[in-house]
Structure formats: C-alpha cells, structure tokens
Amino acid sequence: MANAKRIQKDLETLRDISAGSGEGTTRLSYTPAYRKGVEYLKEQMRAFGLVPHEDGVGNLYGDLTGQNPDAPKIISGSHLDTVHCSGYFDGQAGIICALEAARMLKESGEPLNSTFQVMATIMEEGARFPSLGGSRFAIGEHTEETMENTFDMDGVKLGDAIREYGLSGNLEETRRRPEDAKAFLELHMEQGLKLDQTGTDLGIVETIYGSRWFILTCHGATSHPSTPMDIRKDTALAAYKLITNIADTVARDYAGKATVTSGRMQLYPNDINAIPSRSQFSIDFRSGKLEHLDALEALMREQVRLIEKAYRVRFDIALHSAAPPTDNNPVLSKMLEDSAEELGYSHMRMDSGAGHDAMIFAKIWNIAMLFVPSRDGYTHCRQEWTDYENLAKGADVLYRAIRKIDKL
Ligand SMILES: [Zn+2]
C-alpha cells in the first residue's frame, strides 16, 4: 500500500525548497526555485530506478521502463509550478502520488509490460507565462512563434527564459505523439467543496468544464452626475445591468451546470464626479456542456441588444479565449472507480470546474482525472490542504488502475 509518510516528506521538502519564504509556496516556471524542485524530483526518481529527463521546454519525465519498452506508455503526473504564495498540494500532489505509484510498482518486483512515466509539467498556472504552457508545447499547440511572442510581466521573452534556465527550447524533442501513450492519469485536488463536505475520499472526474471568455467594451458619454437618469448614457450602469441579468439567469436556470464571472471591470474616466463614458469588463462562462456555453453566449448577445436600447449605449464584444468541455475517457474512469471500490475507499463522480493539463493532453491521449479533497475548498493559498492519508489512498488507486491499464 502507498506510504503516506513518504508522500508527506516529498511534499514538505518541495515546499521547503520553494521561494515562498514563509509566505506560502512559490515556484514560478524557469526560476532557481523551479530548478531546485526539478533536481529534487530527479533524485527521488533515480532512487527507485526511474530514468529522468527534461524536454526542450522543461517538462520533466521519469520512466520506469517496462518489459516491452516499445509499447505505448502509461503516464501520470501534474504540474510542478505554483501561483505566488500558494499551498504545496495543487499540482505537486499529483506528481508525488504518481511517483509513489512508481515506487510501489518497483517494490512489488512485478514489472509492467508498458513503461510507466511520471510527469511534472511546467507553466501550468499562468503565474508567469500564459497557463497550460508546458502541455501545449508537448502536444504541438505552442510553437517557436509562441516562444518569441510571449513575455512575462517583467518583459522577459519566453524563449529567453527557457534558454537562460538552461534548456534547448528544441520543440522536436518536446513533442509528444498520440502513439506515445495509452493513458494519461492526473490526480489533483478538487478545488471545490464536494468531497470535503460529504467526507468522500476520492472524486472520479467525468468532464472538465469548458470556458468562454469575453471582453466587452461599452461606449456611452460622460457628463455631470446631475444629468437626469432618463437621458444619460451611463456605461457603468449598462455593464452592471448586463452582468446581473446574466448572473440571475445562470443562478436560476443553470444551477450546478454553469457559472458566470465578471472578474475585471474598468471605468473611464473613473472619477466620482463623472458618469463613465466607457466601461470595459470580462465575462467568463464555464460549463461541462458545449450547448450551455452556446446558449449562454446567445443570452449575453440578446441582453446586450436590450440594454443598448434601454441605456442608449453601444457594446463591442470580443472573444478572449474559448476551450470546449473535455470528457474523461469512460474506460479509464471506470478503472479508477473500480480500483477505489476494490480498496474500500469512498468515491463519487463529479465534474472539474477548473482547467487542467489533462484537458490539453486529451487532444492526443485518453485521459482520466482523480480528485482528492480540498479542505474547506481552499486552493492557490497557504490554507490549501489534503490529508496525507487521503493522498495515499489516491496513490493506491493510481497504482491499481495502472495495473489494470497495463493489461488493456
Ligand atoms: Zn493545479
């Protein structure tokens, strides 16, 4: 069975060698702290016979070579980078549980037919460079052009960051192919409350939510705040009305099925003593069903038309980004579920509201995700927590599922 103490030691060591300095765990991509984390993982991989290597952009792999090295691999892992002042479970727990599964495979003395590969992806969080970067490079969605045209907040070019960190930036050696793997399994913390509130050990993910982000700009006219309500062209009021109308509909008609968020709002001239002539704000729709995203976009466009008329304003709508919902592979999900059942661990089916590398890898491989509880729902902060015993249960399920997949 998985060893919770070993998992604890790895996670605490990764925390202690991060750049958090007491303010949580900070491990941004291509920094000295990231390098320290990678070197620690490599040491642990070698200690159990895994062969580590980094690709051209910094994704780390550790291979436990199978009896048939040419067979498609079974891969498991998650991301090693964190946001600023994070906890030490988000991402990292998925790597360490995969590593623990590899140690169990090694200790069992019964090698797999396929090679089992532990993976630690880079640039997932978007804290330094845009999110899901490591996996997007791995499947070929990011290119040389991405390296030349992407900059961090300090103006450092991604390509330069990669080379200064000591990597080749070679995309040919980074590229993964559909035939490379028969399964990609990602264990991750839930980033929600369902497992914690119901006291359930594990979540079997069915769908990773898709998203559709818009930036809306509303054009009106500035004038003195004494301007009568029925003739002003108030772009703040129009924006608030639009957002609350959409949010009310989502809350009423899409409870548990979709969400809407407006996390950014800028007003011009942004003065107490002036009606805003322009407002610019984001609208972020998320759902597990493409038809919900389509319906919500249509609802937004319909509301825009009504509000333009009622408020004497004009909206520009720009699509910022879109990702379709991603279904987990039902055969792999069933194997995770059966494994949990056989081990006597409680489990439930659920969707993932957040995006993960697994949804990028789903474009070339069969994927499945396993969730562990987030205590009180906290993530991306120091309060982030999953019990080590619970992580050990996750590793047990990975181990068992890997054995099943190996026989496929
Ligand atoms: Zn994460």
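**Group meeting: two domains and two sets of annotated sites**

Let me begin with a count: 31 salt bridges turn up in this model. The model is a predicted one, so please keep that in mind throughout.

One of those salt bridges will do as an example. The side chains of R35 and E39 form it, with 3.0 Å from N to O. Both residues sit in helix α2, 4 residues apart, which means about one helical turn lies between them. In general, side chains with opposite charges can pair when the charged atoms come close.

Just ahead of that helix there is a residue to look at. Y30 lies in the loop that runs between α1, residues 4–16, and α2, residues 32–47. Its phi is positive, about 65 degrees, although Y30 is not a glycine.

Now the overall layout. The domain assignment splits the protein chain into domain 1, made of 4–208 plus 325–406, and domain 2, covering 210–323. So domain 1 comes in two stretches of sequence, with domain 2 placed between them. Taken over C-alpha atoms, the centres of domain 1 and domain 2 are 36 Å apart.

How many residues of each domain are in contact with the other? From domain 1 there are 4, and from domain 2 there are 8. The area buried between domain 1 and domain 2 is about 380 Å², and carbon and sulfur atoms give 61% of that. On the domain 1 side that touches domain 2, by class, there are 2 nonpolar residues, 2 polar residues and no charged ones. Across this interface the rule finds 0 salt bridges. For polar contact, the result across the interface of domain 1 and domain 2 is 1 residue pair, with both residues at pLDDT 80 or more.

Next, what the record says. UniProt, in an unreviewed entry, lists residues 209–305 as "domain: Peptidase M20 dimerisation". In the model, residues 209–305 are 36% helix and 29% strand, and the C-alpha atoms at the two ends are 28 Å apart.

Inside that range there is a cis peptide bond, joining Y268 and P269, with omega at about 5 degrees. P269 belongs to the loop between β9, residues 265–268, and β10, residues 278–287.

Last, the binding sites. Which residues does UniProt list? One "binding site" annotation, again from the unreviewed entry, names H79, D90 and H188. These three span 110 residues in sequence, but no two of their C-alpha atoms are more than 9.4 Å apart, so they gather at one spot. A "binding site" annotation in the unreviewed UniProt entry also covers D90, E125 and H380. That set is spread over 291 residues of sequence, yet clusters in space, with a largest C-alpha distance of 9.9 Å.

D90 is listed with H79 and H188, and D90 is listed again with E125 and H380. Where in the fold is D90? D90 is in the loop between β3 and α3, the helix of residues 92–108. H79, for its part, is in strand β3, residues 73–79.

That is what I have on the salt bridges, the domains and the annotated sites.

Terms used
Residues are numbered from 1 along each chain as its sequence is written. This is a predicted model: local features need pLDDT of at least 70, side-chain atom pairs count only at pLDDT 80 or more; totals for chains, interfaces and linings use all residues. Side-chain values use heavy atoms; hydrogens and water are left out. Contact means heavy atoms within 4.5 Å. Buried area is the accessible area (1.4 Å probe) that two parts lose on being put together, summed over both. A salt bridge is a side-chain nitrogen of Lys or Arg within 4 Å of a carboxyl oxygen of Asp or Glu. A polar contact is a pair of N or O atoms within 3.5 Å; within protein, one must be able to donate a hydrogen and the other to accept it, and residues adjacent in sequence count only if both atoms are side-chain atoms. Ala, Val, Leu, Ile, Met, Phe, Trp, Tyr, Cys and Pro count as nonpolar, Asp, Glu, Lys and Arg as charged, and the others, Gly among them, as polar. UniProt positions are given in the numbering used here, feature names are shortened, and annotations may be inferred rather than shown by experiment.
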